[in-house]
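I opened my notebook to follow one edge of a sheet and then the positions that a database record marks. Below is the model I looked at.

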Amino acid sequence: MERKKYDFGLVGLGVMGRNFILNVADNGFSAYGHDLDEEKVASLLEEGGDTDKINASTSAPIFIEALSRPRKLMLLVPAGKAVDAVIESLLPYLDKNDIIIDGGNSFYQDTDHRESYLKSKGIHFFGAGVSGGAKGARRGPSIMPGGSKEAYQEVKPIFEAVAADFKGEACVAYLGPKSAGNYVKMVHNGIEYGLMQLISEIYDLLKKVGNYSNPELHDLFDTWNKGRLQSFLVEITADILKQKDDKTDGYLVDMILDKAKQKGTGKWTSQNAMDLGIPIPTIDIAVSMRELSAFKQERIKAKTLYPKKKIDQIEKGELGKWAEEALYFGYILTYAQGFHLLTEASKEYGYDLNMQTVAKIWRAGCIIRAGLLENIAKAFNETNAPTHLLLNDAFASKINDTVPTVRNLVSLAIKNAVPLAGLGNALTYFDGYTADRLPLNLIQAQRDYFGSHTYERTDTEGIFHTDWEV
């Protein structure tokens, strides 16, 4: 008697993988899991309950044999060497036209190499970024697939069923060839870094300058989440601020050490943007501030050497209004930088990304989901897609309304020695991008003076050099 064949396979049954495979089964597809850890296999089988839609094994050949052809299997394992090790462990049992999907945060160049390597063996491979954390994997994540369009068509019904839903539209779409999916996920994570930095700065300023209590901050963020700042990150910030600590009489957020860690995707975004020559300063400084936070003991010592005093005060209610406007400005500028990078990278790498599609699949499920993305999707419509979000008339109006307040808030923070690195960089980026003349003419003159690097003129075409020391 022929054994049952499963629609979908998943390797890596940690919390993320287990939730994703349960999501697949909930949506009418049979799924088979694989992990070398017997406890994780047992946990999936227990949580899956008495159903013929879920099974799992620690054996690679049993796992592969259980899948229907062409086999469709997804890896949810740590990026890097682990992905290559899993691929090599499965290859002996795979057949031509089988499909391997990398659902982790792999570096986009690694995806390109793996796709080429597996293509030579007749195996389809593509990256599909998955965002939403463990809860998203279970209830509906945003999924960002790229690579072989032919291979994606095989898993499209499954991905559309398990992805988050936004007003009847699945938050998944084929994005482009090669490593397009992993690249878009990388930039998604860079934007995530920027937004988290902005929120933390606004929280810090309200606490230090406005003397907001945690309950007041909770109420403020909760109110913002019902307006134009509606977003997952603002929503969870409100929840965090009301969480009491079970070890003390205070709030948990105040007991958490101010040293932020990172897994590298934000850094990859910054490094790649520099390689392409695309400025994303709000994301760059978000990475740097996490790095700066690691020097806790040095920061404590430095504070004793450089005492700070509050200089300016502002009425609490007014400060709250300023903060909302400034955070809204910062949100727009961070998305704008991220989409600018995607636009230019698409040209450089031949991804042929549709920015409206990217914005749409981020509207639900993912960490950076926000009401603002609906407006961004409209801005990047096919008939009038701007090369940069700041060049869209609708966004120009939104930004112009907030700029005076942002200047006031940044000034207030500087006078009170509260670091607003993300917002300050967003404002500087805005002022630079909207300046018809920057002082880089002097830099070009300096480069020509000490290195004969030449320069261009404003009145005549051509390349010029001056003997400055004559």
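**Entry 1: the edge strand**

I began with one pairing and found that the bridge partner of Ser131 in S7 is Ser142. I noted that this is a predicted model, in which local features need pLDDT of at least 70 and side-chain atom pairs count only at pLDDT 80 or more, while totals for chains, interfaces and linings use all residues. I also noted that residues are numbered from 1 along each chain as its sequence is written, and that side-chain values use heavy atoms, with hydrogens and water left out.

My strands (E, at least two residues) and helices (H or I, at least four residues) are DSSP runs numbered from the N terminus, and two strands pair if DSSP finds at least two bridges between them. Strand S6 (residues 124–131) pairs with S7 in the antiparallel sense over four bridges, and I found Pro145 of S7 as the bridge partner of Ala128.

I then asked which residues of S7 (residues 142–145) are buried on each side. Ser142 and Met144 are buried on one side, and Ile143 and Pro145 are buried on the other, which leaves both faces covered. Here buried means under 20% relative accessible area, exposed over 50%, and partly exposed in between, with a 1.4 Å probe and protein chains only.

**Entry 2: the whole sheet**

I traced an open sheet of seven strands with mixed pairing, in the order S3-S2-S1-S4-S5-S6-S7. Strand S3 (54–57) and S7 stand at the edges with a single partner strand each, so one side of each has no neighbour in the sheet. The twist from one strand to the next averages 25 degrees; angles run from 0 to 180 degrees between N-to-C directions, and axes are lines fitted to C-alpha atoms, for helices over the stretch in contact.

**Entry 3: the "active site" positions**

I looked up the UniProt record, an unreviewed entry, which places the feature "active site" at Lys185 and Glu192. Positions from UniProt are in the numbering used here, with feature names shortened, and annotations may be inferred rather than shown by experiment.

Lys185 lies in helix H8 (residues 180–208), and Glu192 is placed in H8 as well. Are these two residues buried or exposed? Lys185 is buried at a relative accessible area of 6%, and Glu192 counts as buried at 16%.

Contact means heavy atoms within 4.5 Å. Leaving aside neighbours within four places in sequence, I found Lys185 in contact with Asn105, Gly129, Val130, Ser131 and Met144, and Glu192 in contact with Leu233, Ile367 and Ile368.

**Entry 4: the "binding site" positions**

The annotation "binding site" in the unreviewed UniProt entry covers a longer list, including Asn105, Ser131, His188 and Lys263. The annotated residues span 349 residues in sequence and the farthest two C-alpha atoms are 48.8 Å apart, so they do not all gather at one spot.

I compared two of them. His188 lies in helix H8 and counts as buried at 0% relative accessibility; not counting residues up to four places away in sequence, His188 touches Ser131, Met144, Trp362, Cys366, Ile367 and Ile368. Lys263 is in the loop between helix H10 (232–241) and helix H11 (265–276), and at 81% relative accessibility Lys263 counts as exposed.
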